[in-house]
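This report introduces a protein model to a reader who has not met it before. It begins with the interior and then turns to individual residues.

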Amino acid sequence: MRQGGIKVAAVCVAASLQAGCMGNAGDGAFVSRANTGADATVTDEQAALRQTPTKNDQTLNSESVVIQGLLSRTSVLPTGSAYDRVAADVLAANARAAETELRAARLRAEAASKNWLPTIGPNISLNSLGDIVSQIVVEQVIFDNGRKKGERAFAKADVEVAAVALAEDTNDRVATGLDLYLSAAEGRESSHVHRATLREMEHFEYIMSERVRGGVSDMSDLNVIRQKLSEIRASISASEEATATALAELNAMSIAPQNDVRGLKTLNISASAAEPLAVTRAGAQKERDIAQARIERANQLPGINAEAAVGENSGGGITYGGANIGLGTNARLKSIEAAGEAADRRVAQANEDANRTLRKLEGQVAAKARQADEARGLTAQAKANLELFRAQYEAGQRPVMDIVSVYETFDARQSTEIALKFEALRLQIELARVQGVLVHGEQI
């Protein structure tokens, strides 16, 4: 009987090889990018999408359109610029939680890629006579309605979803760092402008106080100037506090202090730079949903398995079953098939939403750039008026309050110009973030 069990086991293994060469083994060629040996020594600075030391990883990289698209993305940040330095330092301190999810997905895909092979496990039981019977059970799936094929497809799509999540997380982090950098730079510029206004206003306060002391001017005019001085000092304090807060937060998420980093750049970015990451994620999730639907469909139908037990009371045979078919089975199958259409509709909706977002951001970038140019022109006009009023004041043709009013207008124009300039820069970064081009794909 023992020899018969061994023969059955041999037949079972032969059946497994045949099954691997046929339906299920066809997809066995696609394997995961997991590198179980290398992951133990990977540092946080190494790129998860580039961890491809194994043949399995290279296979998935070359076969996955999603991962190839992520790897081919190019950053729009100018090389060597302040933006580039901030991005590099912020990424160097990244905890990379999304990378851990990607590694786990790789390992799941590695395991699923071998699911067409037979399973071997012990079977220990106690019979009615009190004897312990131990066996080695070998089981091989011959026909499962595509369940294991769906499991492999699901694992592959899960790796792609995790890769997109890592790209999104990385671009979001860089965008956050750059936004903080711009907030600090805006605070510095605003503080500089307000301090220049403060010096002029303090000069006019001195002149007005002397005029009041000499009985030439009314005390109300001096009070107006002092109120304006208080407002300017409050604006300076607010700008300095905003700068300090932004720098503190930026330094907290960066590997090196960013206090001395200076420089602004206009990004060369358009709405057609790359496919939005939201659309890429929706496409990967669609493939995963379809694979899940295949698994659920297969679970509703019976399959054929070959089993062999080697040991005491050895034996083997072919089993057919694994699912209970009832009156509601047909409806359940139709509901599962509808999952594919639902996934297609979600991708279409993601495309629509992303296009709307891109067009809105593109329009806002152009509008803010135009408004900033107009504000720059208005600032130049206000400065020309200020120079004219100053000359008239020095010639005795204008009172002090007139030039104070003009100087206040000039300060307001400068503040508006600064605000619009930085709004345009933030919108450019947001446009790049949506498209996932703040970081080189191979450096993620």
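Asn171, in a model that is predicted, touches Leu277, Arg433, Gly436, Val437, Leu438 and Val439, leaving out residues up to four places away in sequence. A polar atom of the Asn171 side chain lies 2.9 Å from the backbone nitrogen of Leu438.

Leu438 itself, when neighbours within four places in sequence are set aside, is in contact with Ser75, Leu77, Asn171, Val174, Ala175, Leu178, Ile429, Ala432 and Arg433. Leu438 is also among the residues with the most contacts inside the largest nonpolar core, a set of 55 residues, together with Leu77, Tyr83, Val174, Leu178 and Tyr181. At least two residues of this core come from each of helix 4 (65–71), helix 5 (82–92), helix 6 (97–112), helix 7, helix 10 and helix 11 (400–435), and helix 7 gives the largest share, with 15 residues. Another core, of 20 residues, lies apart from this one and includes Leu198, Ile207, Ala382 and Tyr407.

The table sets out two residues by helix and by accessibility.

| Residue | Helix | Relative accessible area |
|---|---|---|
| Asn171 | helix 7 (residues 147–213) | 0%, buried |
| Arg346 | helix 10 (residues 329–394) | 44%, partly exposed |

Asn171 is classed as buried because its relative accessible area is 0%, and the class applies under 20%. Arg346, which lies in helix 10, has its C-alpha atom 9.6 Å from that of Val279, although the two residues are 67 residues apart along the chain.

Notes
Residues numbered from 1 in each chain as written. Predicted model: local features only at pLDDT ≥ 70, side-chain atom pairs only at ≥ 80, totals over all residues. Heavy atoms only, no water. Helix = DSSP H or I, 4+ residues; strand = E, 2+ residues; numbered from the N terminus. Buried < 20%, exposed > 50% of the residue type's maximum accessible area, 1.4 Å probe, protein only. Polar contact = N/O pair within 3.5 Å; in protein donor to acceptor, adjacent residues only side chain to side chain. Contact = heavy atoms within 4.5 Å. Core = buried A, V, L, I, M, F, W, Y, C linked by side-chain atoms within 4.5 Å.
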